[in-house]
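Open the structure in your viewer and keep the selection box handy. We will go from stop to stop, with something to select at each one.

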Amino acid sequence: MDLVGPLLLAMTHLVDPSGLHFFGWLITAGSFGLAALIYALLRLQREASLYWTKAAAREKRAAWKALRCPSSGHAWAEDQYRGGQPSTCCVCLSSLGSAQGVVGSRATEADVVHRCSVCGVAAHWYCSRGAEKDCKCVAQAGTAPLLHHWSERWVELDDNPEISSFCYYCDEPCGVPFLGVSPIWRCLWCQRQIHVDCHAKLLKETGNTCDLGLLRRLIVPPQSVKEVGQGAAISGVFNSIKEGLVTSSVRSRVRRPRSKKRMNNHPGGKTNSISTDRSILDSVLEGFARLQGLNGKYALAKPMLSENSLKQTYGSGIPNGGKKKYELVDLPQDSRPLLVFINGKSGGRNGPSLRRRLNMLLNPIQIFELSASQGPEVGLQLFQNVKHFRILVCGGDGTVAWVLDAIEKQNYESPPPVAILPLGTGNDLSRVLRWGGGLSSVERQGGICALLNDVDHAAVTVLDRWNVAIKEKNGTEGQCTKQVKFMTNYLGIGCDAKVAYDFHTTREERPDKFCSQFVNKLIYAREGAKDMMDRSCSDLPWHVSLEVDGKNIEIPEDAEGVIVMNIASYMGGVDLWQNDNEHDDDFSSQSMHDKMLEVVCISGTWHLGKLQVGLSRAHRLAQGKIIRLHLHSSFPVQVDGEPWIQPPGCLEISHRGQMFMLRRTSEEPTGHAAAIMSEVLVNAECNGVIDAAQKRLLLHEIALRLSS
């Protein structure tokens with residue numbers, strides 16, 4: 001290898017300058033040629049994938065009646081097309097990114113698309129009204145065994161390659177479109193894929209029954225979902241017939257006038273034709289209903305087909321959208337359904353896209369979006385009669401605390417354990433439980449489907465929760481308790497709370513700036529740099545006193561912040577107590593379920609920065625069960641990331657109780673052992689060997705022993 005350099009240098013002396021120019025031109029031309037070849041291959045692959053998708057759509061339309069699968073209308077949501085998947089309209093099978101067939105005022109709205117929040121398909125906004133009602137039906141109580149709901153592969157589920165790479169029947173590859181010999185369908189329930197040519201063979205040999213795939217224990221089976229107020233089964237049949245006829249009529253009326261409007265801009269006959277057809281259809285179906293003796297249980301829906309009412313008409317089928325109510329009945333004994341809560345405002349505001357992905361993998365009725373008008377109580381009420389279920393919270397630490405509060409109010413004899421999909425800025429509790437520090441870390445660990453599989457096999461652990469009683473001075477009467485907050489992670493007073501308060505104020509004033517977790521951290525660092533110069537909490541030791549289990553603890557004079565911790569993660573992953581390092585004190589190791597709190601102090605925002613990169617340590621002050629912080633002047637305080645300015649008074653922290661959490665099992669044997677023992681205890685309760693109270697005590701003891 002040492003001779004290569006001198007050899008090339010000697011060759012340059014042997015070649016004349018014109019030869020060098022030709023050699024350089026050849027390299028340049030070869031580079032452009034290679035880039036053009038790669039582009040052509042990628043374009044060929046995209047065109048081949050689009051060709052097979054269209055072929056699968058045509059095959060499904062031809063065989064749709066033979067499939068006999070319960071279906072529902074799409075839950076359309078308006079969106080802007082910015083590339084990505086799906087790239088093809090599910091109605092006209094043309095590209096979503098072009099304005100083909102769009103004239104007049106519609107040309108300026110060609111980038112507006114409608115996406116189904118349940119199955120993920122997309123359509124032009126002017127095509128969505130004519131779409132087939134082929135979305136998955138979430139409520140099928142009283143029907144036969146669940147059937148595969150085969151559909152086109154509009155969206156690639158790359159986060160689950162094991163079931164998306166091979167045909168369910170012949171085990172031949174389906175992941176490379178231009179090598180396939182048949183179009184591909186994907187089941188909307190189990191996510192398995194099959195060649196269209198293999199589907200007929202599957203029907204003859206094994207039938208079309210679906211087992212919900214790898215996530216069968218977490219998915220609420222549609223056979224166990226009943227729409228509240230639903231009439232007899234025959235009523236559902238007539239509703240399906242009516243919806244199909246209305247869709248067919250609308251689709252024909254929408255497509256034909258589109259071509260007429262280009263030649264004649266008079267839309268007068270369109271509304272009258274639809275209105276006439278609708279009235280005739282209503283009369284016919286009402287007659288059918290009377291023949292069946294439904295006695296008013298069958299109520300004809302009046303479809304509103306004007307363009308202004310498009311969003312209302314086709315948005316009414318969104319599960320948990322407030323217009324339909326469901327109840328769960330006859331769940332399988334081995335089912336461990338997952339209740340999902342999503343806070344779309346957490347961190348980078350990824351709520352809508354995340355819900356669409358979860359809707360594709362689970363049953364949409366088990367997924368709830370949290371907002372100011374809808375808390376976790378709605379979802380917990382739906383699952384009130386489910387004995388064994390798990391909860392997934394998609395949000396930050398504040399969202400997790402919100403859900404834990406709601407669970408505590410339900411007074412479960414054995415509360416459901418909670419897992420976390422981190423969407424916040426710090427995500428400290430998620431880090432401790434090994435669910436990752438953000439959505440990007442989840443994607444690196446296999447994606448959403450891999451996380452759901454880990455939730456199914458997670459170990460149950462215990463988390464302490466604490467009361468923070470806020471007492472303020474009330475004139476001559478002394479101190480009185482103003483309010484009580486709940487603490488799960490930590491409480492901070494001083495410089496760290498000042499940075500959190502400034503960050504919170506900025507986010508309230510300009511929420512549009514906080515568009516991602518990375519940007520949030522940059523703004524947080526900027527606020528920390530400001531406080532580094534101001535040093536507004538440098539007088540903390542003279543205005544705050546610390547009391548631990550009745551003993552006064554001296555705060556060092558250089559301290560600008562005091563932090564009380566319950567978990568071993570702070571400010572996005574910083575371990576302030578550091579169990580693994582040697583210390584010259586007699587404090588015990590930190591644990592999130594030992595009913596003890598740890599107290600440390602920091603000497604300013606610059607110290608926080610050094611802690612973040614591992615260049616310093618926090619000063620360990622105390623460890624105890626009851627912590628009191630006496631404030632002699634107003635200071636910034638934050639509890640689990642919620643900051644405020646606290647007037648003079650006292651903050652008293654005491655143990656409140658414990659909650660069950662789910663910890664992602666690692667490659668360590670203890671993690672798998674905990675998951676297996678948790679499952680054994682649940683099965684023992686199902687079989688009547690132990691009761692719920694005994695199971696709770698045993699789970700608590702197992703969590704303590706395996707963490708020690």
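The tour below visits a surface patch, a helix, some aromatic rings, close backbone contacts and salt bridges.

Before you start, please note that this is a predicted model.

**Stop 1: a nonpolar patch**

Select L34, L37, I38 and L41, and switch on the surface. These residues make up a nonpolar surface patch, and their accessible area together is about 390 Å². To place the patch along the chain, look at L41, which sits in helix α2, residues 17–67.

**Stop 2: helix α10**

Now select residues 397–409, which is helix α10. Put a distance label between the C-alpha atoms at its two ends, and you should read 19 Å. That agrees with expectation, because 13 residues at 1.5 Å a residue should span 18 Å.

Which residues of α10 are buried? Colour them to see: D397, T399, V400, A401, V403, L404, D405, A406 and I407. Following α10 you come to N411, where phi is positive, near 55°.

Stay on α10 and show the side chain of E408. A salt bridge joins E408 to R465, with an N to O distance of 3.9 Å. Because E408 belongs to helix α10 and R465 to strand β15 (residues 459–473), this pair ties together parts that are 57 residues apart in sequence. The two ends differ in exposure: E408 is partly exposed, with a relative accessible area of 21%, whereas R465 is buried at 0%.

**Stop 3: aromatic rings**

Next, show the side chains of Phe, Tyr and Trp. The model has 6 aromatic pairs. Begin with F341 and F368: the ring centres are 6.4 Å apart and the planes meet at 40°, so this pair is tilted. F341 is in strand β11 (residues 338–342) and F368 in strand β12 (residues 367–369), so the pair ties together parts 27 residues apart in sequence. Are these two rings in buried or exposed residues? F341 counts as buried at 0% relative accessibility, and F368 is buried too, at 3%.

Move on to W577 and F587. Their ring centres lie 5.5 Å apart with the planes at 45°, so this pair is tilted as well. Both residues are in the loop between β20 (561–565) and β21 (597–602), so here the parts tied together are 10 residues apart in sequence. W577 is buried, at 0% relative accessibility, while F587 is partly exposed, at 28%.

Keep W577 on screen and add R620. R620 lies over the face of W577, 4.2 Å from the ring centre. A similar view awaits if you select K136 and W189: K136 is over the face of W189, at 4.6 Å from the ring centre.

For a last look at rings, select F383, F389 and Y412, which ring pairs link into a cluster.

**Stop 4: two backbone contacts**

Show the C-alpha trace and select S87 and G97. They are 10 residues apart along the chain, and their C-alpha atoms are separated by 7.2 Å. S87 is in the loop between β2 (76–80) and β3 (112–116), and at 23% relative accessibility S87 counts as partly exposed.

Then select C174 and Q193. Here the separation along the chain is 19 residues, and the C-alpha atoms are 7.7 Å apart. C174 is in the loop between α3 (161–164) and β7 (184–187), and is buried, with a relative accessible area of 2%.

**Stop 5: salt bridges**

How many salt bridges does the structure hold? There are 18, and you have already met the one between E408 and R465.

Select R628 and E652 for another, where the closest N and O atoms are 3.1 Å apart. R628 lies in strand β23 (residues 627–631) and E652 in strand β26 (residues 649–663), so the bridge ties together parts 24 residues apart in sequence. R628 is partly exposed, at 23%, and E652 is buried, at 17%.

Continue to K695 and E685, whose closest N and O atoms are 3.2 Å apart in a salt bridge. K695 is in helix α19 (residues 692–707) and E685 in helix α18 (residues 669–686), 10 residues apart. Both of these residues are buried.

Finish by selecting R217, R336, D456 and E679, which salt bridges with shared partners join into one network.

Key. Residues are numbered from 1 along each chain as its sequence is written. This is a predicted model: local features need pLDDT of at least 70, side-chain atom pairs count only at pLDDT 80 or more; totals for chains, interfaces and linings use all residues. Side-chain values use heavy atoms; hydrogens and water are left out. Patches are made of residues with over 30% relative accessible area and no salt bridge: like charges are joined within 9 Å, nonpolar side chains (Val, Leu, Ile, Met, Phe, Trp, Tyr) within 5 Å. Accessible areas come from the Shrake-Rupley method with a 1.4 Å probe; for residues, only the protein chains shown count as cover. A salt bridge is a side-chain nitrogen of Lys or Arg within 4 Å of a carboxyl oxygen of Asp or Glu. Helices (H or I, at least four residues) and strands (E, at least two) are DSSP runs, numbered from the N terminus. The expected span of a helix is 1.5 Å times one less than its number of residues. Buried means under 20% relative accessible area, exposed over 50%, partly exposed in between (1.4 Å probe, protein chains only). Rings of Phe, Tyr and Trp (its six-membered ring) pair if their centres lie within 6.5 Å; planes under 30 degrees apart count as stacked, over 60 as edge-to-face and the rest as tilted. A charge sits over a ring if NZ of Lys or CZ of Arg is within 6 Å of the ring centre and within 35 degrees of the ring normal.
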